[in-house]
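Biologist: I would like a close look at a single part of this model, starting from one side chain and then following the helices and ring contacts elsewhere in the chain. Please take your time over the answer.

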Amino acid sequence: MAYTKEEKSWIFQDWANSAYSIMITTAILPIYFKGVAANAGIADTTSTAYWGYANSIGTLLISLLAPILGTIADYQFFKKRFFGIFTAIGIAFTFLLIFIPTDAWLLLLGFYVLSLIGFSGANIFYDAFLIDVTTNDRMDKVSSAGYAYGYLGSCIPFIIFIIFQATGILPISDVALVNIGFVMTALWWLFFTIPMWKNVHQIHYIPAVKKPVRTSFKRLFHTVSHISEHKNIVIFLIAYFFYIDGVDTIFRMATSYGIDLGISQTTLILILLMTQLVAFPFTLLYGYLAKRFSAKPLIFTAIFVYIIICIYAVFMKTALDFWILAMLVGTSQGGIQALSRSFFGKIIPKKRSNEFYGFYNIFGKFSAIMGPALMGVITQITGKTQYGVASLIVLFLFGGILFLFVKEKNLENL
């Protein structure tokens, strides 16, 4: 069965905002920041740690807001509004990066944190819209398609940027080229979000009340105080907390890690591009296999791949080693993210999807505080980024063990 208009529009949003993930979080800004920090006399390992701390701060702030925002968004009309507000914040501060002076490394990190809050906040409601655009039996397929086409779509502005950088076709400075990358990302995100704004609507909701904020706090308190009624959901969230922490940390810290290994910026950008291209078919493959075997064994497969990645990182010495690690990441990153999102969507009550996706995001975002901080501390103590990556193996082990106890069943009538 072909995708519906609503499903296509929802998938296209991943196409839109994934440009931010690759251009800002992973490729352009980390490399640019490392250069700005080096000019300020900051050592490579220290600037890597600072980049990790900035990611931790941004995710902490949005994590504190996620549960209550999600609970409010369960009321009619609120989900779309919150999605629009955070999307606007993310796009605006991505664009405003062009105005940061080249010696203001701390201000650069500050604006990055604000753009990250917008991006992460919008994704709370984007994830929850999965419930509204499709059915349980198509959820793995649609969620995987979102991540897969997100990887493919993000490659287009990335390739344009690489062409500009490699050919020198534009007679401008490196800083001006970076600013063009920031503008491209903001405009790409804005333009391709239009189908989401136009065609996706909140189908499952709680009827509006006179005092939604006060009532939402009461609902949130009731959910927390009766958490034992949602044991299966809680076990999944704790497992997710650990294993997705490792996934996000490896993704966000990859560029800084590569620089510490002495890999050139040009090679790093090419590796990141190939990782995105590898991720596209493998994410679709995860969705296809989940339909045949269910999502749970596929999530375990991805966790196992990441454990191999952590072990392999200890022995990395050359650019070829980094290539191998990046390709391994490409095989499973999209799959584990997409199937976790759809798995969760099938075990929560639909009318309270935003509330529960608020918890989903707070567990995911709080985990992204611990991972980069752990990697940063271990890297600073040992002086070796390899050991920082290797330390993440404990997160995948804990997550995998807990996930064994999660039941793959539908609890939407809770």
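Is Ile381 buried or exposed, and what is its relative accessible area?

Modeller: Please bear in mind throughout that this is a predicted model. Ile381 is exposed, with a relative accessible area of 66%, and that value earns the word because the cut-off for exposed is over 50%. The residue belongs to helix α14, which spans residues 353-382. Between the C-alpha atoms of Ile381 and Leu109 there is a separation of 23 Å, for two residues that are 272 residues apart along the chain.

Two further helix residues can be set beside it. Ile259, in helix α10 (residues 231-260), counts as buried at 17% relative accessibility. Once its neighbours within four places in sequence are left aside, Ile259 is in contact with Ile31, Lys34 and Leu268, whereas Val142, 117 residues apart from Ile259 in sequence, is 35 Å apart from it in space, C-alpha to C-alpha. Asn179 has its place in helix α7 (residues 174-191), and at 19% relative accessibility it too counts as buried, since the limit for that class is under 20%. With neighbours within four places in sequence again set aside, Asn179 has contacts with Leu97 and Ile98.

The aromatic side chains deserve a longer look. If rings are taken to pair when their centres lie within 6.5 Å, the count comes to 33 aromatic pairs. In one of them, formed by Tyr20 and Phe119, the ring centres are 4.8 Å apart and the planes stand at 25°, so the pair is stacked; the cut-off that this step needs is under 30 degrees between planes. Because Tyr20 lies in helix α1 (residues 5-39) and Phe119 in helix α4 (residues 105-128), this pair ties together parts that are 99 residues apart in sequence. Tyr20 and Phe119 are both buried.

Phe191 and Phe192 give a pair of another geometry, edge-to-face, with 5.0 Å from centre to centre and 85° between the planes. Phe191 counts as exposed at 52% relative accessibility, while Phe192, with a relative accessible area of 17%, is buried.

The two helices that carry the Tyr20 and Phe119 pair can also be described by their axes. The axes of α1 and α4 come within 11 Å and cross at roughly 165°, and the two helices are therefore roughly antiparallel to each other, given that angles over 145 degrees fall in that class. Their crossing is left-handed.

A second helix pair leads on to a group of rings. Helix α12 (residues 295-314) and helix α16 (residues 393-403) have axes that come within 9 Å and cross at roughly 160°, and α12 and α16 are therefore roughly antiparallel to each other. The crossing in which α12 passes α16 is left-handed. On the α12 side, the residues that meet α16 are Lys296, Ile299, Phe300, Ile303, Tyr306, Ile307, Cys310 and Ile311, and on the α16 side their partners are Ile393, Phe396, Leu397, Gly400 and Phe403.

Two of these contact residues, Phe300 and Phe403, return in a cluster that ring pairs link together, whose other members are Phe236, Tyr240, Tyr243, Phe343, Phe344 and Tyr360. Phe403 also has a charged neighbour: Lys296 lies over the face of its ring, at 5.6 Å from the ring centre. Lys141 is placed in a like manner over the face of Tyr3, at 5.1 Å from the ring centre.

Finally, consider the loop between α11 (265-293) and α12, where Ser294 is found. Ser294 has a positive phi of about 85° although it is not a glycine. Its relative accessible area is 25%, and Ser294 is partly exposed. Not counting residues up to four places away in sequence, Ser294 touches Leu289 and Glu408. The C-alpha atoms of Ser294 and Leu339 are separated by 9.4 Å, although these residues are 45 residues apart along the chain.

To return to the starting point, Ile381 is exposed, whereas Ile259 counts as buried, as does Asn179.

Notes. Residues numbered from 1 in each chain as written. Predicted model: local features only at pLDDT ≥ 70, side-chain atom pairs only at ≥ 80, totals over all residues. Heavy atoms only, no water. Phe/Tyr/Trp six-rings, centres within 6.5 Å; stacked < 30°, edge-to-face > 60°. Helix = DSSP H or I, 4+ residues; strand = E, 2+ residues; numbered from the N terminus. Buried < 20%, exposed > 50% of the residue type's maximum accessible area, 1.4 Å probe, protein only. Lys NZ or Arg CZ within 6 Å of the ring centre and 35° of its normal. Axes fitted to C-alpha atoms, helices over the stretch in contact; angles between N-to-C directions. Parallel < 35°, antiparallel > 145°, perpendicular 65-115°, else oblique. Left-handed = near helix turned anticlockwise from the far one by under 90°. Contact = heavy atoms within 4.5 Å.
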